[in-house]
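Let's take a friendly walk through this model, moving from one helix outward to the whole chain. Have the viewer open as you read.

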Amino acid sequence: MTVQAAQRPRLLQAMVDAFRQEDVRRKLLFTLAMLVVFRFVAHVPLPNIDREALKQAFEGNALLDFLSIFSGGALQNLSVAALGVYPYITASIIMQILQPLVPSLRALAEEGEQGRRRIQVITHWVAVPLAMVQGYGQILFINAQGNDVVRDFGFQNDVLGTLATLFTLAAGTMFLVWLGELITEHGIGNGVSLIIFGGIVATLPSLIPSITTTSILTVLAFAVGALALIYLVVFFQEAQRRVPVQYARSAFRGGRMYRQQGQSHIPLRVNMAGMIPLIFAFSIMILPATIASYFINSGGWVGSVARFFVDQFQGGRGGSGTGWYWLILFVLVVIFTFFYTMVQYQQQQIAKNLQRQGAFIPGIRPGPPTEAYLMRVVTRITWAGAFFLGFVAIIPFFVGLFTDVRALTISSTGFLIVVAVVLDTMKQLEAQLLMRNYEGFIR
């Protein structure tokens, strides 16, 4: 290492080392190129759109504003990628839930790489009708807000035009999924996560000019709070409970068998569920307002009930929504965190794998006692992860309650996704550098 390289900060030097390696540089540039293609597609609009009506539909509508952030602004442009990759994520979640419940899917999951590929193909096919259903509902909702944003949409008006629009939205979703899989295979990082990351980050510059506060101290306080939240997200994403494990190895030397003792640990993550509970909870919280919006113009008690649900459940960003909205959201996040964690834990079958390998936890008998012990440990540490995710989910409520910096308050789910994706990408780039005897980002 030269004197000039030794004087550089570690992060900068790691970036220089990464671009010096031809294969790492090629992966980085390929990843950036795919993200550029994604941003280009996000600005290709659907045909037969009234731009002025679309602009009016998004004015003052927190629900559409919230959905637009997660599509990277593609929904606000009503582009072919307006749905993002979320129908595919929904399909993936459905398949993960069904695996322990459906014997045929469970058998495929146990077949190894070939079985996982078949499950992946099924997930792709499930994502297509989900994208069409979601696209149909979202366009109906947007049309109800902005006086026929998509002209002549609906099977009662134009069957072929409606089908063409829905197939275009589904094709846009699957094209983004294909880009994500190309990034995973030929780039660095998880491709689908990076597509979501790119969409969320792309909306941040457009939020800055719309800051309504005049207090510099309030903006600084918000920035300090954002840094503190980043620290907490990193801490809980990386936090783990290490359960000690001992194992015995048999080695033959000179025709005789020797028993060798070894020790390791099982890293149980505090936030084993990741960001999935937040996506579950927000999806359910959006559903009542979306359904009620179809009946809001109805007369009598039906319109009154629809208005009540829209007022109560139109959350989104910037602290909008009632206190009941955020309380129910917190409870749902905690429940889904436990549900998804238990699903993930049961699929791993840690106790059975330990018994097969001849390993055991000191002081705990192998078999059912080990499984019961690990379940108690997972349950206890999941309480911390569940309350943390619930806290992250309701942060926009407190930000909107105590400050007026609403323009910069992106969804807490998006915040968690951004930090988690950056951590995962840095780890993968770190591994690429360490394989080539370079000092990485983290060490």
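Thr123 sits in helix α9, which runs over residues 113–146; helices here are DSSP runs of H or I with at least four residues, strands are E runs of at least two, and both are numbered from the N terminus. Thr123 is buried, as its relative accessible area is 3%. For that label, buried means under 20% relative accessible area, exposed means over 50%, and partly exposed lies in between, with a 1.4 Å probe and protein chains only. Leaving out residues up to four places away in sequence, Thr123 touches Tyr88, Ala91, Ser92 and Met95, where a contact means heavy atoms within 4.5 Å.

A word on the source: this is a predicted model, in which local features need pLDDT of at least 70 and side-chain atom pairs count only at pLDDT 80 or more, while totals for chains, interfaces and linings use all residues. Residues are numbered from 1 along each chain as its sequence is written, and side-chain values use heavy atoms, with hydrogens and water left out.

Helix α9 also takes part in an aromatic pair: Tyr136 lies in α9 and Phe153 in the loop between α9 and α10, so the pair ties together parts that are 17 residues apart in sequence. Rings of Phe, Tyr and Trp (its six-membered ring) pair if their centres lie within 6.5 Å; planes under 30 degrees apart count as stacked, over 60 as edge-to-face and the rest as tilted. The structure holds 8 such pairs, and two of them are set out here.

| Pair | Centre to centre | Angle between planes | Class |
|---|---|---|---|
| Tyr136 and Phe153 | 5.4 Å | 40 degrees | tilted |
| Phe175 and Trp178 | 5.8 Å | 45 degrees | tilted |

How exposed are the partners? Phe153 is buried at 5% relative accessible area, whereas Tyr136 is partly exposed at 23%. In the other pair, Phe175 counts as partly exposed at 31%, and Trp178 is partly exposed at 46%. Phe175 and Trp178 are 3 residues apart in helix α10, so about one helical turn separates them. Elsewhere, Tyr231, Phe235, Phe236 and Phe388 form one aromatic cluster.

Now for the interior. The largest nonpolar core has 78 residues, and those with the most contacts inside it are Leu78, Val85, Val149, Ile196 and Leu329. Such a core is a set of buried Ala, Val, Leu, Ile, Met, Phe, Trp, Tyr and Cys residues joined through side-chain atoms within 4.5 Å. Helix α10 (residues 159–186) gives the largest share of this core, 8 residues. Ile196 is in contact with Val85, Tyr86, Ile89 and Ile417, leaving aside its neighbours within four places in sequence. Another core lies apart, with 19 residues, including Ile266, Tyr345, Tyr373 and Ala386.

Helix α3 (residues 22–41) shows a clear two-sided pattern. Its buried residues are Val24, Leu28, Thr31, Met34, Leu35, Phe38 and Val41. They cover an arc of only 150 degrees around the axis, which puts them on the same side of α3; the arc is that of the directions from the helix axis to the C-beta atoms. The face turned away from this buried side carries the exposed residues Glu22, Val36 and Phe40.

Finally, the overall picture. The secondary structure comes to 19 helices and 3 strands, and of the 443 residues, 45% count as buried. Among contacts with a separation of 6 or more, 72% are between residues 24 or more positions apart.
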